[in-house]
Amino acid sequence: MISVRNIHKSFGAQEVIRGVNFEIARGEVVCIIGPSGSGKSTILRCINGLETYDRGEILVDGQKVDPKARSIIGVRTQVSMVFQRFNLFPHRTALENVMEGPVYVKGVPRAQARREAEALLEKVGLSAKFDSYPAQLSGGQQQRVAIARALAMQPKAILFDEPTSALDPELVGEVLEVMRDVAAEGMTMAVVTHEMSFARAVADRVLFLESGTILEEGPPEQLLRHPSHPRTQDFLHRVINPMD
Amino acid sequence: MSDFLAKSATYLPLLMEGVYLTLVVTLFSVVLSTLLGFVWAVMTWSRVPPLVSISRGFITIIRGIPIIVQLFYIYFVMPEIGLNLTALQAGIIGLGIAYSAYQAENFRAGIEAIDKGQIEAAYSIGMTDALVMRRVIMPQAIRIALPPYGNTVIMILKDSSLVSTITVAELTRQGQLIAASTFDNMTIFTLVALIYLALSLPLTFLTQHLERRFSKA
């Protein structure tokens, strides 16, 4: 479904991604973990063309991701994204945020888009918040609207870029629950996260990224409990026992 | 006072002919400067290097030359290269172009105030540049740009008096002509000043009203 082949990317003189390769199969949930600055978010942003890459190739369903070509629109309608800072449209209600893509990008009739948006907001537990503006919602609620907005495009995959990192700790759970439900329905997902419990419970595979390369990958039980690379061991130790 | 009113009654019909042209010049200059200013702002926003250079260069040049000189240039120099314009046309085009530089800055400030994250979110659901502009940036940028836009419109109204220098018989010019033949400077220029004030006050109130309404939403 998603093929990332030998991707390189530099910001100025700094090479932030140094030859990354991985595949995500249809229906697979892949969590990408690693220290900040390791290039996790950048890779995600390359997959839907929000960021350009210097070398290598990314394919989504066999189609090359080229941020400068018109074909990028097609890629983006198939691969939605959920952002760390939610990025809802502040001048539109929850319902309008969810309807925006279907109505204006896909040309779905308004009434139908509205019904679907209502169903999606109910699904993420926000049936009472249809007409609320983002500023009137908590961070957790905003992120759930953002997930509904991503689902409304009926994408083949969703990219989650640290979806709970900007949330107060007590709001993290409600977002992870929604993500788990989405995964359970068979959505292909790439999730950049620091939530190891989510990775353990939901991921099919975990990638550990450091300094722009994948140091280690494997099923969550193996990678999170018995990492083989000393850098992975060190990182996991620090995430799980921050006070040590 | 009654003397002032009596004399005003004589001069007002003549001054009203000038008011008509003042309003024509203002209205068309506002429209032209808005359209052009929007084009410059979008060119700057496009991040396409040649477009950015053209719009930035244009804005810099226009802002560095007095409007009155720009008017002279269009009205007196253009005919020498074969472009003949009536005084009214030259006035509208001159003011419109001059103020497009200021309008562009108003719009640019509005566009740049929009959080980049939302714009990325809009791209991420497959929106084109045009759609991002129309559905995400414009509705919010207009609210932000409205107060400075209103002020610019008021300035265009007042600066429409500059076209008197290229023989357009708008309010200021009309006042000068009557004053030259009657020597009643006091009455005439008091009237001219009051008329400009009467024209600009509604605009000031409208701007304040819209500002309040938009800031609530």
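**Nonpolar cores, chain A dimensions and positive-phi residues**

Outside its immediate sequence neighbourhood, with residues up to four places away not counted, A:I2 is in contact with A:F22, A:E23, A:I24, A:I47, A:L59, A:V60, A:A157 and A:L159. The coordinates are those of a predicted model, and the values reported below were computed from it. A:I2 also belongs to the largest nonpolar core, which has 70 residues. Within that core, the residues with the most contacts are A:I2, A:F22, A:I47 and B:I137; two of these, A:F22 and A:I47, are among the residues that A:I2 touches. The core thus includes residues of chain A and of chain B. Its largest share, amounting to ten residues, is supplied by α6(B). Another core, of 52 residues, lies apart from it and includes A:L95, A:A113, A:A150 and A:M187. In soluble globular proteins, nonpolar side chains tend to be buried together.

Chain A contains nine helices and ten strands. The radius of gyration of chain A is 18 Å, close to the 18 Å given by the globule rule for 244 residues, so the chain is as compact as a globular protein of that length. Taken along the principal axes, the box filled by the C-alpha atoms of chain A is roughly 55 × 45 × 30 Å. Of the 244 residues in the chain, 55% count as buried. Among contacts in chain A with a separation of 6 or more, 64% are accounted for by residues 24 or more positions apart.

The accessible surface of chain A is about 10400 Å², and carbon and sulfur atoms contribute 46% of this area. With regard to charge, chain A carries 28 positive and 30 negative side chains. The centres of these two sets are 5 Å apart.

Two residues other than glycine, one in each of chains A and B, were examined for their backbone geometry. A:D61 has a positive phi of about 55 degrees and is located in the loop between β4 (55-60) and β5 (63-64) of chain A. The relative accessible area of A:D61 is 34%; because this falls between the limits of 20% for buried and 50% for exposed, the residue is classed as partly exposed. In chain B, B:T167 likewise has a positive phi, near 75 degrees. B:T167 is placed in the loop between α6 (129-159) and α7 (171-182) of that chain. At a relative accessibility of 43%, B:T167 also counts as partly exposed.

Methods: Residues numbered from 1 in each chain as written. Chains lettered and ligands numbered in written order. Predicted model: local features only at pLDDT ≥ 70, side-chain atom pairs only at ≥ 80, totals over all residues. Heavy atoms only, no water. Helix = DSSP H or I, 4+ residues; strand = E, 2+ residues; numbered from the N terminus. Buried < 20%, exposed > 50% of the residue type's maximum accessible area, 1.4 Å probe, protein only. Rg over C-alpha atoms; globule rule 2.2 N^0.38 Å. Contact = heavy atoms within 4.5 Å. Areas by Shrake-Rupley, 256 points an atom, 1.4 Å probe, with all protein chains shown as cover. Lys, Arg positive; Asp, Glu negative; His and termini not counted. Charge placed at Lys NZ, Arg CZ, Asp CG, Glu CD. Core = buried A, V, L, I, M, F, W, Y, C linked by side-chain atoms within 4.5 Å.
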